[in-house]
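This report describes one protein structure, part by part. Please look at the sequence and the model before reading on.

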Amino acid sequence: MCRSIKTLRPPTTPEVTDEDIRAAALQYVRKVSGFRAPAAHNREVFDQAVDAVAAATQELLDGLQIRGSAAGRHTHA
């Protein structure tokens with residue numbers, strides 16, 4: 001039903017884009033909901049869930065401290 005969600009944390013993935021985060025959020029919501037594409041009556045809540053998961057993912061990545069990183073924080077494109 002869905003591909004594996006890839007690790008987005010540096011140094012595993014040195015550059016993470018907003019598209020990478022959105023794709024991971026979409027895969028998560030698809031897996032949890034059981035829908036690849038929701039019906040029209042579920043579209044709004046589905047899209048809201050993708051937005052919320054993407055925001056939480058960005059917050060997580062921004063807050064992680066990576067050992068050996070000069071900046072100590074992850075930045076995205």
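Helix α2 is among the parts that cover the buried residues of helix α1. The reverse also holds, since α1 is among the parts that cover the buried residues of α2. The model in which this is seen is a predicted one.

## The chain as a whole

The secondary structure of the protein chain consists of two helices and zero strands. The chain has 77 residues, and 27% of them are buried. Its exposed surface comes to about 5,500 Å², of which carbon and sulfur atoms supply 54%. Among contacts with a separation of 6 or more, 52% are between residues 24 or more positions apart.

## Helix α1

Helix α1 has 16 residues, and at 1.5 Å a residue these should span 22 Å. Its end C-alpha atoms are 22 Å apart in the model, so the expected and computed spans agree. The buried residues in α1 are Asp20, Ile21, Ala24, Ala25, Gln27, Val29 and Arg30. After α1 comes glycine 34, which has a positive phi, near 80°.

The segment before α1 (18-33) holds isoleucine 5. Is isoleucine 5 buried or partly exposed? Its relative accessible area is 43%, so isoleucine 5 counts as partly exposed. Together with Tyr28 and Val32, Ile5 makes a nonpolar surface patch of about 290 Å².

## Helix α2

Helix α2 covers residues 43-63, which is 21 residues. At 1.5 Å a residue the expected span is 30 Å, and the end C-alpha atoms are 30 Å apart, so the two values agree.

Which residues of α2 are buried? They are Phe46, Val50, Ala54, Thr57, Gln58 and Leu61. These residues cover an arc of only 110° around the axis, and therefore they lie on the same side of α2. The face turned away from this buried side carries the exposed residues Glu44, Glu59 and Gly63.

One of the buried residues can be followed in more detail. Threonine 57 is located in helix α2. Its relative accessible area is 19%, and buried means under 20%, so threonine 57 counts as buried. Apart from neighbours within four places in sequence, threonine 57 is in contact with Leu8 and Ile21. Ile21 is itself one of the buried residues of α1.

Aspartate 47 is also found in helix α2. With a relative accessibility of 28%, aspartate 47 counts as partly exposed. The C-alpha atoms of aspartate 47 and valine 29 are separated by 9.0 Å, although the two residues are 18 residues apart along the chain. Val29 is one of the buried residues of α1.

## Salt bridges

How many salt bridges does the structure hold? There are three. The table gives the partners and the N to O distance of each pair.

| Basic partner | Acidic partner | N to O distance |
|---|---|---|
| Lysine 6 | Aspartate 20 | 3.8 Å |
| Arginine 22 | Aspartate 51 | 2.5 Å |
| Arginine 43 | Aspartate 47 | 3.2 Å |

The side chains of lysine 6 and aspartate 20 meet in a salt bridge. This pair links distant parts of the chain, with lysine 6 in the segment before α1 and aspartate 20 in helix α1, 14 residues apart. Asp20 is listed among the buried residues of α1.

The side chains of arginine 22 and aspartate 51 meet in another salt bridge. Arginine 22 lies in helix α1 and aspartate 51 in helix α2, so this pair ties together parts that are 29 residues apart in sequence. Arginine 22 has 36% relative accessibility and counts as partly exposed. Aspartate 51 counts as partly exposed too, at 42%.

Where do arginine 43 and aspartate 47 lie? Both are in helix α2, four residues apart, which is about one turn of the helix. Arginine 43 is partly exposed, with a relative accessibility of 36%. Its partner aspartate 47 is partly exposed at 28%.

## Summary

The predicted model has two helices and zero strands. Each helix helps to cover the buried residues of the other. A salt bridge between arginine 22 and aspartate 51 ties α1 to α2.

How values were computed
Residues numbered from 1 in each chain as written. Predicted model: local features only at pLDDT ≥ 70, side-chain atom pairs only at ≥ 80, totals over all residues. Heavy atoms only, no water. Buried < 20%, exposed > 50% of the residue type's maximum accessible area, 1.4 Å probe, protein only. Contact = heavy atoms within 4.5 Å. Areas by Shrake-Rupley, 256 points an atom, 1.4 Å probe, with all protein chains shown as cover. Patch = residues over 30% accessible without salt bridge, like charges linked within 9 Å, V, L, I, M, F, W, Y side chains within 5 Å. Salt bridge = Lys/Arg side-chain N within 4 Å of Asp/Glu carboxyl O. Expected span 1.5 Å × (residues − 1). Arc of directions from axis to C-beta.
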